[in-house]
Each structure stands twice: as structure tokens, then as C-alpha cells.
Amino acid sequence: MTVLRKSERSNSQAWLPGQEGGPAIAEVLFGDVNPGGKLPISFPRSVGQVPVYYGHKPSGGRSFAFGDYVELSANPLFPFGHGLSYTQFEYSNLQIKPAQVSPNDKITIQICVKNVGDRMGDEVVQLYVHDEIASVTRPVKELKGFHRVTLQPGQGCTVTFQLTVAQLAFYNREMQYVVEPGRFKVMVCSSSEDIRLSGHFELTGEVTPVADKVFFSHNAARFNL
């Protein structure tokens, strides 16, 4: 279910939620349940925006480089990964180790998340990566992992993502699936547009073919007592 802010639209959308959809919506709207879901799509403002997606290239029509439309914003109404809650979460202490990696290494990314509201809630911590310089244009960000945590008021935890270098591979101009040396931006987010913390690591070495594709990181959470 997507609950829209009153200032933006005065209704909610649940599409086809089934026979128990009504009670589920009522429980969320009346605060009996604290929602923690995130959008698996970018929600457009108008059909004229379609297609709209978070992983566009850094130039061209989907980059919003030329500003808004004449009568409409070029940004989605709600971005990929967006979701509301009746509590708030604070992100801190981003650590990326090591700062330099080779094609066969792994990168460990840690973030501290704390529930700073007054009721229990779920947060979906999202990890995005951007290849800043490559032989072909790369998306402005790519989702590489996410982890859902349930936190009591005042409780915190450490979320760890273990990113393999193979996840950074792409098809080059010769249609070879490779990783290339360069600088990569790491973004830890609450949604694809709500970037809480960011950092960098560097991939060294030569252009290296990748035989086994890896699409997702290994994730874990350690809760503070």
C-alpha cells in the first residue's frame, strides 16, 4: 500500500489487496500498525512521465538535465524505495573497508541505524553504488543490497553489507562482462532519493573479465543492547 501525503494527494492506493485489504488499510491509517514497506517502482506524477526510473544514465532525457516540463515536475511523485512510517530513523557512522580493493576482493560497508521516534518501527536500509568513470556510461545509482530491521524506540543496530567486486561488472564496448578500475561512490539511503550518508572506495588493477555474475550483497544486522 502507498499512503500519499495530504499535501500531495488526498487519497491512498492499494490496487488489488484481496479480501483482507480493507482491514489492513484501516489499521495503517488509524495507527494500529506502523508501516515499513518500500516502493518497488518509481511512482510517476503523470502518464506523460512514463518511463520513469531511478537508475537512469547521467545524461539524456531521464537525467532531468534540462529541468522540469513546462507544466509538470520531471521528478517522480514518489521515488523507488520510498516508504513512510510513524517513527523516524537516524543514520550515522558509515564505514567502508578497505578503501582500495582489487578485482578479487570484497568491500565491507557498515552503517549505524537508530530509531529516534517514540514507537517501534521497521526500516529498510538500502545500498546504492555509482561507477563514476567507466568506458561506457553507467547509471547514476544501482541498488546493490537492502536489509530490513525492526527497532524499538531508542534502539539502534549496525547493518553490514558485504559487496563483492563482481557486483560492479558490466558489459563494455566489446560486449565483454568486466570490472574496470576506478572510483566508486557508495550511497546508504532510506530511498533512492533520500541519501543519508555517502562515501567512496577505489578499485585498482587491470580490466578483469567476470565469469560468475553476482547481483546481490550479503547483509546482516547486529542489534545494540
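Which residue is the bridge partner of Y91 in β5? In β5, Y91 is matched with V113. The structure is a predicted model, in which local features need pLDDT of at least 70, side-chain atom pairs count only at pLDDT 80 or more, and totals for chains, interfaces and linings use all residues. Residues are numbered from 1 along each chain as its sequence is written, and side-chain values use heavy atoms, with hydrogens and water left out.

The confidence of the prediction is described by pLDDT, the predictor's confidence in each residue, from 0 to 100. The chain has a mean pLDDT of 88, and 91% of its residues reach 70 or more. Over residues 1–11, however, the pLDDT is below 50, and this stretch has 22 contacts in the model beyond near neighbours in sequence. A contact here means heavy atoms within 4.5 Å.

The secondary structure of the chain consists of one helix and 14 strands. Helices (H or I, at least four residues) and strands (E, at least two) are DSSP runs, numbered from the N terminus. Along the principal axes, the C-alpha atoms fill a box of roughly 55 × 50 × 30 Å. Of the contacts with a separation of 6 or more, 71% are between residues 24 or more positions apart. Among the 225 residues of the chain, 39% are buried; buried means under 20% relative accessible area, exposed over 50%, and partly exposed in between (1.4 Å probe, protein chains only).

The chain exposes about 12500 Å², of which carbon and sulfur atoms supply 53%. Accessible areas come from the Shrake-Rupley method with a 1.4 Å probe, and for residues only the protein chains shown count as cover. There are 21 positive and 21 negative side chains, and the centres of the two sets lie 1 Å apart. In this count Lys and Arg are positive and Asp and Glu negative, while His and the chain ends are not counted; the place of a charge is taken as NZ of Lys, CZ of Arg, CG of Asp or CD of Glu.

Strand β5 covers residues 106–115 and shows an alternating pattern of side chains. In a regular strand the side chains alternate between the two faces of the sheet. In β5, I107, I109, I111, V113 and N115 point to one face and are buried, whereas K106, T108, Q110, C112 and K114 point to the other and are not buried. Two strands pair if DSSP finds at least two bridges between them. Strand β3 (residues 89–97) pairs with β5 in the antiparallel sense over seven bridges. Strand β8 (residues 156–164) also runs antiparallel to β5, and nine bridges join the two. Within this pairing, I109 has F161 in β8 as its bridge partner.

A residue of β8, C157, illustrates the surroundings of this strand. C157 is buried, with a relative accessible area of 1%. Its C-alpha atom is separated by 5.5 Å from that of V113, although the two residues are 44 residues apart along the chain. Residues up to four places away in sequence aside, C157 touches I111, C112, V113, V149, L151, R222, F223 and N224.

One of these contacts, V149, is placed in strand β7. V149 is buried, with a relative accessible area of 1%. V149 and A221 are 72 residues apart in sequence and 7.5 Å apart in space, C-alpha to C-alpha. The residues touched by V149, not counting those up to four places away in sequence, are G121, D122, E123, C157, V159, A221 and F223.

Strand β7 belongs to an open sheet of five strands in the order β4-β12-β11-β6-β7, with mixed pairing. Strands β4 (100–101) and β7 (142–151) stand at the edges with a single partner strand each, so one side of each is left without a neighbour in the sheet. Strands β4 and β12 run parallel and are joined by two bridges; Q100 stands opposite E202 in β12. Strands β11 (residues 182–189) and β12 (residues 195–203) run antiparallel and are joined by eight bridges. The bridge partner of R183 in β12 is E202, and that of C189 is I195. A hairpin joins β11 to β12 through five residues.

A further open sheet has three strands in the order β9-β10-β13, with antiparallel pairing. Its edge strands, β9 (170–171) and β13 (208–209), each pair on one side only. Two bridges join β9 to β10 (residues 177–179), and Y171 has Y177 in β10 as its bridge partner.
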